[in-house]
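The following note sets out numbered comments on the model under review. Please read each point with the sequence and the structure at hand.

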Amino acid sequence: SLFHVFGLIAVKNVVLVFAEAREGDGGDAHGLHDIWMRRSEDGGRSFEATIRLDLEKGCCWTNPVPVYDEVIGRLFLFYSDNPDNLHTRNFVSYSDDFGKSWSEGQQVNQFMEEGEDALPFHLAGPGHGICIKKGDYAGRLVVPVWHRQFNVDREPTKRGYCISALYSEDHGQTWEHTALLGQEIMANESRIEETEDGLIWV
């Protein structure tokens, strides 16, 4: 019933646009969602036909978030299945040909749910992750993530929102999880960027 454009990334002349294709009432959850992609090889002046990513059918796929490893030339895509708005399954795939083909998804919940304060609901994004360009951590991949402890039938101030980031220092072979941030302000959908002086802002 609608397309929710979620992530966009440009690598040289290739532009990739990712969207949720939402059936039914177009809501965030409780419906069938697919992830669709459009690809341009001329800097966005024209686009190829829309492609549905080959994911498990009958799921509520959401939040496609790309991040490009500039060191090895590999593009990663994070995405999630949100079947009930209570728990999520979170995955990452990669492409070595700028989105023409994708690896099978690897579940990454285990990297988000370590420790005593593990939360049940996680979504990457929105937007895109970054590959740090400067300083001691150059080459590190960083992806913003938001979390919720309780269901949306509670008042917003009582849902337990917070944010964090996944990061990789081995080109996506493994991922680690930062400490949780922003509980006091109910932070959720965040963006991440590196400034010219090498600082990381969320």
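1. F91 has a relative accessibility of 11% and therefore counts as buried, the cut-off for that class being under 20% relative accessible area. W61 is likewise buried, with a relative accessible area of 3%. It should be kept in mind that this is a predicted model.

2. The structure contains ten aromatic pairs. One of them is formed by W61 and F91, whose rings meet edge-to-face at 5.6 Å centre to centre, with 70 degrees between the planes. Because W61 belongs to strand β5 (residues 61-69) and F91 to strand β7 (residues 89-95), this pair ties together parts that lie 30 residues apart in sequence.

3. F76 and W175 make another edge-to-face aromatic pair, with 5.9 Å between the centres and 85 degrees between the planes. F76 is in strand β6 (residues 74-81), whereas W175 is in the loop between β12 and β13 (176-177), so the contact ties together parts 99 residues apart in sequence. Both F76 and W175 are buried.

4. F76 and W175 also belong to a wider arrangement, since ring pairs link F76, F78, Y94 and W175 into a cluster. Y94 has a further partner: the charged end of R74 sits over the ring of Y94, at 3.8 Å from its centre. A second arrangement of this kind involves R148, whose charged end sits over the ring of F121, 4.0 Å from the ring centre.

5. The strands that carry several of these residues should be viewed together. Four strands form an open sheet in the order β5-β6-β7-β8, with antiparallel pairing. β5 and β8 (106-107) stand at the edges and have a single partner strand each, so one side of each is left without a neighbour in the sheet. The partner of β5 is β6: seven bridges join these two strands, which run antiparallel. Within this pairing, V65 stands opposite F78 in β6.

6. How many residues of strand β11 (residues 141-148) are buried? Eight of the eight are, so the strand is largely enclosed by the rest of the structure. In a regular strand, side chains alternate between the two faces of the sheet. For β11, both faces are covered: L141, V143, V145 and H147 are buried on one side, and V142, P144, W146 and R148 are buried on the other.

7. β11 has several antiparallel partners. Strand β9 (residues 121-124) is joined to β11 by four bridges, and L123 stands opposite W146. Strand β10 (residues 130-131) is joined to β11 by two bridges, with I130 opposite V142. Strand β12 (residues 162-168) pairs with β11 over seven bridges, again in the antiparallel sense; here the bridge partner of V142 is Y167. V142 of β11 is thus placed opposite I130 and is also bridged to Y167 in β12.

8. Strand β3 (residues 33-40) merits a separate comment. Six of its eight residues are buried, so β3 is largely enclosed by the rest of the structure. Strand β2 (residues 14-22) runs antiparallel to β3 and is joined to it by eight bridges, and A21 has D34 of β3 as its bridge partner. β3 also pairs with strand β4 (residues 51-52) in the antiparallel sense, over two bridges. In that pairing, M37 has I51 of β4 as its bridge partner.

9. As to the overall fold, the secondary structure of the protein comprises one helix and 15 strands. The radius of gyration is 17 Å, close to the 17 Å that the globule rule gives for 202 residues, so the protein is as compact as a globular protein of that length. Along the principal axes, the C-alpha atoms fill a box of roughly 45 × 45 × 25 Å.

10. Some values for the protein as a whole complete these comments. Of its 202 residues, 46% count as buried. The protein exposes about 10500 Å², of which carbon and sulfur atoms supply 50%. Among contacts with a separation of 6 or more, 47% are between residues 24 or more positions apart. The aromatic pair of F76 and W175, which ties together parts 99 residues apart in sequence, is an example of a link between distant positions.

Definitions and conventions:
Residues numbered from 1 in each chain as written. Predicted model: local features only at pLDDT ≥ 70, side-chain atom pairs only at ≥ 80, totals over all residues. Heavy atoms only, no water. Buried < 20%, exposed > 50% of the residue type's maximum accessible area, 1.4 Å probe, protein only. Pairing = 2+ DSSP bridges. Phe/Tyr/Trp six-rings, centres within 6.5 Å; stacked < 30°, edge-to-face > 60°. Lys NZ or Arg CZ within 6 Å of the ring centre and 35° of its normal. Rg over C-alpha atoms; globule rule 2.2 N^0.38 Å. Contact = heavy atoms within 4.5 Å. Areas by Shrake-Rupley, 256 points an atom, 1.4 Å probe, with all protein chains shown as cover.
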